[in-house]
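Hello,

Here is the structure I promised to pass on to you. Have a look at it first, and then read on for what turned up in it.

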Amino acid sequence: MQYNKKVVDQLKDIQNKTVVVRCDYNVPIQNGVISDATRIEASLQTLNYLLSKNCKLVILSHLSRIKSLDDIKSNKKSLRPVYEYLKNHFADKNVVFEQDNTAKDLKQKIANYDQNTIVVLENTRYCDVNENNEVVKKESKCDEELAKFWASLGDVFVNDAFGTAHRKHASNDGIARHTKYSATGFLVANELKQLQKALNNPKKPVVAIFGGVKISGKIDTIKHIATFADHILVGGAMVYTFLKAMGHEIGISLYEKDALDLAKSLLATLGDKLVLPVDVVCAKDPESKGQTYDSKNMPADLEGFDIGQKTADLFASYINKANTIIWNGPLGLFENPNFANGTRKVAEAIAKRQTSDLDVFSVVGGGDSAAAVTQFGLESKFAHVSTGGGASLEFLTNLPLKGIENILDKNQESNPNC
Ligand code: ADP
Ligand code: MG
């Protein structure tokens with residue numbers, strides 16, 4: 001997929017406009033306190049740019065999922081803590097919170113605010129449930145009326161929410177289709193630029209590393225990456241489906257029965273391109289200490305939780321020669337320190353390769369993989385750590401990103417449908 005979307009700083013006449021900005025403020029909140037504000041910080045470049053142009057901002061975001069009125073009444077999924085954060089951050093600005101994100105008088109209210117006001121609307125997914133507690137999914141199924149209403153709140157639309165870029169929702173695709181002028185924010189623009197670097201004419205050799213739990217969720221990504229990668233290294237729980245398909249004993253390890261045929265066909269088509277672990281770390285359960293075994297000879301009563309040291313060294317030997325490295329999925333149960341070694345060693349090998357040669361391009365995508373890199377304190381050593389879990393995976397699969405497709409292209413003056 002090749003995108004050439006307009007970026008916010010390429011919008012002409014942005015000065016003094018009212019701009020609807022879709023951010024990804026789906027941040028972790030415990031007891032009303034934001035435990036990780038990375039996503040908010042990542043949005044500031046775009047907000048600062050628009051404020052420097054004396055714009056009025058109307059900010060939209062979802063937070064978690066809304067399945068019933070209880071979710072709304074409990075206030076646990078309210079964007080209010082995000083509003084408090086922004087109010088604190090932009091102490092010299094007027095920052096207001098609008099609880100009713102579909103209020104009839106909202107447009108008028110916004111019109112009455114001074115320039116440079118930041119209006120934060122309540123969680124867009126509150127519109128997924130109506131007052132009769134029916135799940136109507138107006139946001140998540142892209143209700144046209146809702147999209148038109150939100151689009152009507154500003155003159156320009158800026159989409160800077162990469163985390164939902166693969167979803168066609170009212171607050172992203174819907175607004176883009178009903179707004180005359182639109183662009184991506186800096187965060188989305190950078191994600192597209194970096195991920196495209198990995199996919200379009202990447203410098204060879206290309207090494208891709210896959211892990212995580214299921215093959216089935218990543219099969220299309222593996223297949224697409226395999227069309228241009230030189231080596232595909234596989235770890236994580238998905239390995240056991242491959243080993244099982246090869247007829248090996250995998251003990252009580254997780255595997256996908258329904259994906260055995262899939263694994264067999266991948267083994268056949270990818271051949272030597274596919275590099276599987278030679279040793280694995282097994283234990284009775286995640287609380288027990290692990291022991292290393294040959295991957296072709298696992299004990300029948302144990303479960304595999306990590307790749308072994310020999311495998312980590314083998315993977316590092318491929319990484320050391322790679323010029324493009326694409327990584328998705330942890331290689332073991334890294335959240336548990338007993339089984340974090342494989343993921344850590346691979347992350348360190350990529351960081352080392354990247355810092356030894358700036359022409360190398362290393363990218364990690366996937367929510368848990370990015371969390372692992374951050375946990376090891378290595379995020380600054382990678383060329384790019386994608387902030388979008390599902391979105392980066394779909395992009396690496398060469399699927400269109402439904403949430404940004406209708407943002408204007410660079411060479412488009414305005415939306416012909418408006
Ligand atoms: P990402 O979010 O990066 O795409 P996934 O969601 O596919 O990654 O998988 C991440 C999860 O896989 C992590 O929570 C990790 O603990 C788990 N995992 C990896 N290997 C194993 C294993 N051998 N046994 C159990 N869980 C594993
Ligand atoms: Mg995940």
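Let me start with helix α7, which covers residues 186-199. This is a predicted model, and in it the 14 residues of α7 reach 20 Å from the first C-alpha to the last, close to the 20 Å expected at 1.5 Å a residue. Eleven of those 14 residues are buried, so α7 is largely enclosed by the rest of the structure. If you would like to click through them, the buried ones are F186, L187, V188, A189, E191, L192, Q194, L195, Q196, A198 and L199. After α7 comes N201, with a positive phi near 50°.

A little further along there is a cis peptide bond between K204 and P205, with omega at about -5°. P205 sits in the loop that runs between α7 and β9 (206-210).

Helix α7 also takes part in an aromatic contact. A search of the whole structure finds five aromatic pairs. In one of them, the rings of Y49 and F186 have their centres 5.6 Å apart and their planes at 85°, so this pair is edge-to-face. It ties together distant parts of the chain, since Y49 belongs to helix α1 and F186 to helix α7, 137 residues apart. Are these two residues buried or exposed? Y49 has a relative accessible area of 19% and is buried. F186, at 15%, is buried as well.

Another enclosed helix is α9 (residues 238-245). Seven of its eight residues are buried, so α9 is largely enclosed by the rest of the structure. Those buried residues are M238, V239, Y240, T241, F242, L243 and A245. Just after α9, G247 has a positive phi of about 95°.

Y255 is in the loop between α9 and α10 (260-270). With a relative accessibility of 33%, Y255 counts as partly exposed. From Y255 to G377 there are 122 residues in sequence and 30 Å in space, C-alpha to C-alpha.

Now for the empty spaces. How many cavities of 30 Å³ or more does a search of the whole structure find? There is one, and the space in this largest cavity is about 70 Å³. Its lining consists of C23, D24, Y25, R39, A42, S43, D160, F162, L187 and T387. Helix α1 (residues 38-52) supplies the largest share of that lining, three residues. Sorted by class, the cavity lining has five nonpolar, two polar and three charged residues.

The largest pocket has a volume of about 1200 Å³. It is lined by 47 residues, and the closest to its centre are D24, R39, T387, G388 and G389. Two or more lining residues come from each of α1, α7, α13 (367-375), β17 (384-385) and α14 (389-396). Helix α1 gives the most, with six residues. By class, the pocket lining divides into twelve nonpolar, 22 polar and 13 charged residues. D24, R39 and T387 are worth finding on your screen, as they are among the residues that line the largest cavity and also among those closest to the centre of the largest pocket.

Two asparagines may catch your eye in the backbone angles. Most residues other than glycine have a negative phi. N16, however, has a positive phi near 65°. N16 lies in the segment before β1 (18-22) and is partly exposed, with a relative accessible area of 43%. N133 likewise has a positive phi, near 65°. N133 is in the loop between β6 (118-121) and α5 (144-151), where it is partly exposed at 40% relative accessible area.

Finally, the view of the whole chain. It has 14 helices and 17 strands. Along its principal axes, the C-alpha trace spans about 70 × 45 × 40 Å. A compact globule of 418 residues would have a radius of gyration near 22 Å, and the 23 Å of this chain agrees with that. Of the 418 residues, 55% are buried.

Happy browsing, and best wishes

Note on methods
Residues are numbered from 1 along each chain as its sequence is written. Chains are lettered from A and ligands numbered from 1 in the order in which they are written. This is a predicted model: local features need pLDDT of at least 70, side-chain atom pairs count only at pLDDT 80 or more; totals for chains, interfaces and linings use all residues. Side-chain values use heavy atoms; hydrogens and water are left out. Helices (H or I, at least four residues) and strands (E, at least two) are DSSP runs, numbered from the N terminus. The expected span of a helix is 1.5 Å times one less than its number of residues. Buried means under 20% relative accessible area, exposed over 50%, partly exposed in between (1.4 Å probe, protein chains only). On a 1 Å grid over the protein atoms alone, a cavity is a set of points where a 1.4 Å probe fits but cannot get out, and a pocket is an open set with protein on both sides within 12 Å along at least five of seven lines; lining residues have an atom within 4 Å of a point. Grid points are joined across faces, edges and corners, and a volume is the space filled by probe spheres set on the points. Ala, Val, Leu, Ile, Met, Phe, Trp, Tyr, Cys and Pro count as nonpolar, Asp, Glu, Lys and Arg as charged, and the others, Gly among them, as polar. Rings of Phe, Tyr and Trp (its six-membered ring) pair if their centres lie within 6.5 Å; planes under 30 degrees apart count as stacked, over 60 as edge-to-face and the rest as tilted. The radius of gyration is taken over C-alpha atoms; the globule rule is 2.2 Å times the number of residues to the power 0.38.
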